[in-house]
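User: I am new to this structure and would like a close look at a single part of it. Please begin with one buried position, and then work outward to the surroundings, the pockets and the charged pairs.

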Amino acid sequence: MIYHILAIGDVVGEQGLAHLSKSLRAVKKLKDVHFTVVNGENAAGTGILPRQVDQLYAAGADVVTLGNHTFRRQQIAGRLEEDPYLLRPANFTGRAPGRGWGVYDCGHIQIGVMNLIGRCGLDFHADNPFIAADRLLRGDAPRFTVVDFHAEATSEKLAMGYYLDGRVSALWGTHTHVPTADGQVLPKGTGYVSDLGMTGPIRSVLGIPPEQSVELFLGGVPGPYQVADGPCKMEGVLFSLDGESGRCVDVERIDIR
């Protein structure tokens, strides 16, 4: 049997949440999706609020992953401790609340979901993500393991893809909000893409109004970031996984506008 795992890129603001709520369940039905992972770390612009986690679940997310903005909204700390379906990067310091790994039932099989953060260009004093992945993959692993690697550098993401090739079913990058055209099945059977893209305003710079971003690069004072208005897109990737081997057999880009 082939299992379809859908990964959705960073949801930006209430606008992105609304578009996800309108679009996700129809895509899941159309593509016969068995399990969905959504990165929600920008649902509040920067960070995520507990009510927005609930909105993501209501929209059709099975697991919500986070990233460098995990703790921008302190209201989320308690939720991270009590909610097994909400993951923050596993290689954050051990003092951070929450978890970065979970195993979930999906019919008669289980799916392991790992959330990691990169260190190249993201100076958050995180532990080495390669070593953290090794630690989490020790012992008996579920048939399918998928990884959201929240990282800046495509080189770090691709290196992680090859490092875990054959040990995980799929690995995708998040954080840069720009979809990449390198979706592929790596030599040992791991589905890979450097970045899913984002769920949020189309006419924007990574979700914020273009004029605000331009002002920043001109050396001005752009003020607090706002989420852009206008039509939205939902970007992600569908990974088709073989139920016998756990390997990926196809990688398909999703873009709903």
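Analyst: P209 is a suitable place to begin, and this residue counts as buried because its relative accessible area is 15%, under the 20% limit used for that word. Please keep in mind throughout that the model is predicted. P209 sits in the loop between β12 and α6, the helix of residues 210-217. Although P209 and G197 are 12 residues apart along the sequence, their C-alpha atoms are separated by 17 Å in space.

From this loop we can turn to the pockets. The largest pocket holds about 600 Å³ of space, and its lining is made up of 22 residues, with H69, H177, L206, I208 and Y225 lying nearest the centre. Sorted by class, that lining consists of nine nonpolar, 10 polar and three charged residues. As general background, rolling a probe the size of a water molecule over the atoms shows where empty space is left.

H177 deserves a careful look among these central residues. H177 belongs to the loop between β9 and β10, and with a relative accessible area of 8% this residue is classed as buried. The backbone of H177 has a phi near 65°, a positive value in a residue that is not glycine. H175 is likewise found in the loop between β9 and β10, where its phi is near 105°, again a positive value in a residue other than glycine. H175 is buried as well, because its relative accessible area is 15%. For context, most residues other than glycine have a negative phi.

V178 also has its place in this loop, which runs between β9 (170-174) and β10 (184-185). In contrast to its buried neighbour H177, V178 is partly exposed, since its relative accessible area is 45%. Together with V205 and L206, V178 makes a nonpolar surface patch of about 220 Å². L206 therefore appears in two parts of this picture, because it contributes to that patch and is also one of the residues nearest the centre of the largest pocket, where a lining residue has an atom within 4 Å of a pocket point.

H69 offers a link to another pocket, since H69 is named near the centre of the largest pocket and is also listed in the lining of the second largest one. The second largest pocket has a volume of about 160 Å³, and the residues along it include N68, T70, F71, R72, F92, F124 and H125. Its lining divides into five nonpolar, five polar and one charged residues. R73 lies in the loop between β4 (63-65) and α3 (77-82), and this residue is partly exposed, because its relative accessible area is 29%. R73 and P97 are 24 residues apart along the chain, and 13 Å separates their C-alpha atoms.

The charged pairs complete the view. Side chains of opposite charge can pair when their charged atoms come close. In this model nine salt bridges are counted. One of them joins E252 and K31, whose closest N and O atoms are 2.6 Å apart. That pair connects distant parts of the chain, with E252 in strand β14 (residues 248-256) and K31 in the loop between α1 (13-30) and β3 (35-39), a separation of 221 residues. E252 is partly exposed at 27% relative accessibility, and K31 is partly exposed at 26%.

Another salt bridge brings together the side chains of D195 and K157, at 2.9 Å from N to O. D195 is in the loop between β11 (191-193) and β12 (198-201) while K157 is in helix α5 (residues 154-164), so this pair ties together parts that lie 38 residues apart in sequence. Both of these partners, D195 and K157, are buried.

A further salt bridge pairs R257 with E235, where the closest N and O atoms are 3.8 Å apart. Because R257 lies in the segment after β14 and E235 in strand β13 (residues 232-242), the pair ties together parts that are 22 residues apart in sequence. The two ends have contrasting surroundings, as R257 counts as exposed at 57% relative accessibility, whereas E235 is buried at 2%. Salt bridges with shared partners join K233, E235, D255 and R257 into one network.

Definitions and conventions. Residues numbered from 1 in each chain as written. Predicted model: local features only at pLDDT ≥ 70, side-chain atom pairs only at ≥ 80, totals over all residues. Heavy atoms only, no water. 1 Å grid on protein atoms, 1.4 Å probe; cavity = no way out; pocket = protein on both sides within 12 Å on 5 of 7 lines; lining within 4 Å. Points joined across faces, edges and corners; volume = space filled by probe spheres on them. Nonpolar A, V, L, I, M, F, W, Y, C, P; charged D, E, K, R; others polar. Patch = residues over 30% accessible without salt bridge, like charges linked within 9 Å, V, L, I, M, F, W, Y side chains within 5 Å. Areas by Shrake-Rupley, 256 points an atom, 1.4 Å probe, with all protein chains shown as cover. Salt bridge = Lys/Arg side-chain N within 4 Å of Asp/Glu carboxyl O. Helix = DSSP H or I, 4+ residues; strand = E, 2+ residues; numbered from the N terminus. Buried < 20%, exposed > 50% of the residue type's maximum accessible area, 1.4 Å probe, protein only.
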